[in-house]
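This briefing concerns aromatic rings and the groups that meet them. Please keep the structure open while reading the points below.

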Amino acid sequence: MKKSKTSFVCQVCGYKTPKWVGKCSECGSWNSFVEEIEESKSEIRKKRNGLEIKRISDIEGVETERFSTGINEFDQVLGGGVVKGGVVLIGGEPGIGKSTIMLQISDKLSKHGKRVIYFSGEESLTQLKLRCDRLNINGDELFFSATNNIEDVLDSLSDKRADVIIIDSIQTIYSSEISSAAGTVSQVKYVTHKLVEFAKSKGVSVFIVGQVTKDGVIAGPKVLEHLVDTVLYFEGDYERGLRILRAVKNRFGSTNEVGLFEMSGKGLIEYRSSSFIDNNSDAPGRALTVVMEGTRAFLVEIQALVSQTYFNYPKRNVTGFDLNRLNMLLAILEKKCGFNLSTCDVYLNIVGGLKITEPSVDLAVCAAIISSFRDIAIEKNAVFLGEVGLTGEVRTPVFLDMRINEAKRFNIKKIIGNMNNVSDKSVELFAIKHINEITNYI
Ligand SMILES: Nc1ncnc2c1ncn2[C@@H]1O[C@H](COP(=O)(O)OP(=O)(O)OP(=O)(O)O)[C@@H](O)[C@H]1O
Ligand SMILES: [Mg+2]
């Protein structure tokens, strides 16, 4: 018998080596190599047809056919609904609610005349039934199957009509044609490839649920994200039940949109109010700002705690913010405003589980830190807007009008930042050109 060839594959990036190594030379991950059997090239080689080359004007254009899921927030993230024949990968931490949202979407779709088949590799049919009863899911055109084999899935679909199929989750489904265990890079890649092929040839929309690793990326190499049309991440704050659905790749729409949901006993509910303010307390260390997520503005509360350090090195800790950016802002506050923060521990928290990457929150972060440092509360109805540069200058954020409008929705009329050309007369503007002027407001 011909000896099958094996190689060691990094489960993070997909890099292959003939020998086991402790550290991946490609992505730097430790202990990520698993031995996998290589499929011979001749087995996977396909019959080739003559290649057709066409001029762009000769290619017939077709409208992307879309249908609504019946859940507005989800449609918006997809760029206007589910695309026929599109493949969507949805990733998120365990227990965040991936299966819940997929079931709710299946239910809505099936009630709008779409035939949906839900393949679960994670839960038995009885478990699914229990969950459906809790979520009040009873669509007539909704079918379930508990399986772990992709060939079984595709076989069962050959004689059944389906408009949408759901695979929960990709890590639990394996192909008998690949010898490695389910969830390994080769399996995940191959199964996804098969599903993409199926979706494109049959015009069936496919949703694939993917687990994420502890680093927050979808388990399996980046290639998985390349294969599919749309990649969505589900993230959020467990305590408050808030969930944020974010598109990180979309071949059929923008990646700027986010969807907001709230987890309840009856499943995920669309989150209408777009504010991330915890309470109306006037404790020191909180500052408000407005951040942009795609084309939407959100009022966000930033909390800081500055306390005396008892160790040689001060501790700096962030939730939902970039630690390096915090260190930079602390250095600016120290150098430009004269605050002696080097003997203080600083903790920073973005309320509501949002992860903020845009620099326009800098001014609010600085305000929260100074407020906690001086133990003086900031006025409740003030919003800080602006990026802080290394020389201490405050810059005007983009989409200023949208941010001001969002603040106004919550009856906040005092805007602090570097603003020149705001025509809105219904708000009070307080100009700050340099960070050292911030002390006038705290
Ligand atoms: N009876 C219940 N009442 C309220 N909320 C519940 C109830 N049961 C489950 N939940 C919520 O649903 C969440 C689990 O959702 P779900 O199973 O959809 O997550 P998942 O992302 O699919 O997880 P996994 O990765 O394990 O498959 C729980 O974390 C909890 O918040
Ligand atoms: Mg699940």
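In this predicted model, Lys414 lies over the face of Phe430, at 4.7 Å from the ring centre. A second lysine, Lys114, is placed over the face of Phe67, where the figure is 4.4 Å from the ring centre. Rings also meet other rings, and a search of the whole structure finds five aromatic pairs, two of which are described here.

**The pair Phe234 and Phe261**

- The planes of Phe234 and Phe261 stand at 80° with the ring centres 6.1 Å apart, and because planes over 60 degrees apart count as edge-to-face, the pair is assigned to that class.
- Phe234 belongs to strand 11 (residues 230-237) and Phe261 to strand 13 (residues 258-264), so the contact ties together parts that are 27 residues apart in sequence.
- Phe234 and Phe261 are both buried.

**The pair Phe339 and Phe373**

- Phe339 and Phe373 also form an edge-to-face pair, with 5.5 Å from centre to centre and 75° between the planes.
- Phe339 sits in the loop between helix 8 (323-337) and strand 19 (344-350), while Phe373 is part of helix 9 (residues 362-374), so this pair ties together parts that are 34 residues apart in sequence.

**Exposure of Phe339 and Phe373**

- Phe339 has a relative accessible area of 9% and is therefore buried, the cut-off for buried being under 20%.
- Phe373, with a relative accessible area of 31%, is partly exposed.

Key. Residues are numbered from 1 along each chain as its sequence is written. Chains are lettered from A and ligands numbered from 1 in the order in which they are written. This is a predicted model: local features need pLDDT of at least 70, side-chain atom pairs count only at pLDDT 80 or more; totals for chains, interfaces and linings use all residues. Side-chain values use heavy atoms; hydrogens and water are left out. Rings of Phe, Tyr and Trp (its six-membered ring) pair if their centres lie within 6.5 Å; planes under 30 degrees apart count as stacked, over 60 as edge-to-face and the rest as tilted. Helices (H or I, at least four residues) and strands (E, at least two) are DSSP runs, numbered from the N terminus. Buried means under 20% relative accessible area, exposed over 50%, partly exposed in between (1.4 Å probe, protein chains only). A charge sits over a ring if NZ of Lys or CZ of Arg is within 6 Å of the ring centre and within 35 degrees of the ring normal.
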